[in-house]
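Here's a quick tour of one strand and one residue to look at in the viewer. Keep the sequence handy as you read.

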Number of protein chains: 2
Amino acid sequence: MNTIDIQLNHRTVREFTDQKIDDETLNKLLEVCNRTANSTGMQSFSIVRVLDEKKRKEIAEVSTQEYLARCPELFIFIADLRRNAMILKEQNADPGTEADMDRFFQGFTDACLAAQNLTVAAESLGMGAVYFGSILNDYDRIIEILNLPPLTFPVIGVGFGYPNQEPQLKPRINIKDKVFIDEYKEPESYLEAFKDYDQELTNYYDTRENGRRSDSFYNQVIQKYNGIVEKRRRVMDSIVKQGFNLRLEK
Amino acid sequence: MNTIDIQLNHRTVREFTDQKIDDETLNKLLEVCNRTANSTGMQSFSIVRVLDEKKRKEIAEVSTQEYLARCPELFIFIADLRRNAMILKEQNADPGTEADMDRFFQGFTDACLAAQNLTVAAESLGMGAVYFGSILNDYDRIIEILNLPPLTFPVIGVGFGYPNQEPQLKPRINIKDKVFIDEYKEPESYLEAFKDYDQELTNYYDTRENGRRSDSFYNQVIQKYNGIVEKRRRVMDSIVKQGFNLRLEK
């Protein structure tokens, strides 16, 4: 398959075979992460590759997804503003901007871009991948487990390996409804505008889960927005705790 | 080239030929954005495709990169927590969580992943791309230009098209220094650990710019961290202004 066909074929894979990823392949995937575009050449991301069984189980507890611990490979992508802060310090040249939130967002972006590049690369080799946003259910705990120092922050986890399942493609809102020309525009009614998608997603669940679960998009939005993890809501507290300076006007 | 070779070959392209991207190709690239993994199925990103010459120039002024206005295509990726907030509202089912910062970060992540997927797809078709983090030099102005409503936020710009230059590969810090096993670890001295990279980057500039500019990584870190854009430091104020609730403990 060519690259775009691979990308159009993306689906989340959560179950993997026992096949290990050999070192040469793994190094290539890491090189892809390294080659990814980054903000102003500052390369403000790092990866923690989690091998330790105990740590994997602890992270799986945070995410409440037990299969996380079983992924052949588990990478946690980190916004890393620490490295350059230390480089400044060693040169006695710290201008006092290393804890700024725009640096934080640069690191956050760098981490995301590298994670997506990894995912595409893995899929191009016949592997599957799963994003774990759920590791962020408890930021402070993840910071503790991975021993993340000040000016670093967990962004996203990626589990990957050779797939042991073939999930169906999950329908998406029509891209035409997500792309605007020149400025943001809204339909008069979203319930009207996305009616077909709502039905399409319902059909998807009917087929996929053999009728076990029938769910519309509109209903899912209600469910997800009601499913609050209190510690996630406090993400800004964890960011401040890691030494970042919000620099709020008031 | 296969996908990984394309990814390993990534470099920023800033100058493009006049060749337009035909509609079929553009739609395929948009489908790639749409198919990208997203947080909990909520698809919290949007794209503003900027065609209007006046808006392009205004955005180029914010970014201080005049070539931005000349990119054949210019996409601004948006964290979009508005769409689902409206879907909740229409259903009278708003649980009051739609302005939480963890939702913001989900949208931010979705936007980044889609942007990187676009970049890989474009490069796989022989195009080149450039990320514009510099559009964030003035968040409020970008929000104004693109008419971004509450609960949306600009994340990153991507310019792309058929390349009119062949930049050299830019050296990176060794990936081994960015990947940790099981927990974050630091070298005793970064100046010692990255000595070879520092020299490699200096050589790169010597060659690329015919000696016009010679720059080490250590020196670049100093320069970048001194190059403060005051409005960027105030990113959290702009986020609050767009209606997000920081929910700080104090």
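Which residue in S2(A) does A:Ile47 stand opposite? The partner is A:Phe77. Bear in mind that this is a predicted model, where local features need pLDDT of at least 70, side-chain atom pairs count only at pLDDT 80 or more, and totals for chains, interfaces and linings use all residues. Residues count from 1 along each chain as written, chains are lettered from A and ligands numbered from 1 in written order, and side-chain values use heavy atoms, without hydrogens and water.

On confidence, chain A averages a pLDDT (the predictor's per-residue confidence, from 0 to 100) of 96. The complex gets an ipTM of 0.98 and a pTM of 0.98.

Now for S2(A), residues 73–80 of chain A. Strands here are DSSP E runs of at least two residues, numbered from the N terminus, and two of them pair if DSSP finds at least two bridges between them. S2(A) has these antiparallel partners:

| Partner in chain A | Residues | Bridges to S2(A) |
|---|---|---|
| strand S1 | 45–49 | five bridges |
| strand S4 | 152–161 | eight bridges |

In the S4(A) pairing, A:Ala79 stands opposite A:Phe153. Eight of the eight S2(A) residues are buried (under 20% relative accessible area, 1.4 Å probe, protein chains only), so the strand is largely enclosed by the rest of the structure. Both faces are covered, with A:Phe77 and A:Ala79 among the buried residues on one side and A:Ile76 and A:Ile78 among those on the other.

Over in chain B, B:Val48 lies in strand S1 (residues 45–49) and counts as buried because its relative accessibility is 0%. Beyond neighbours within four places in sequence, B:Val48 has contacts (heavy atoms within 4.5 Å) including A:Phe180, A:Asp182 and B:Ile76.

Notes: Helix = DSSP H or I, 4+ residues; strand = E, 2+ residues; numbered from the N terminus. Buried < 20%, exposed > 50% of the residue type's maximum accessible area, 1.4 Å probe, protein only.
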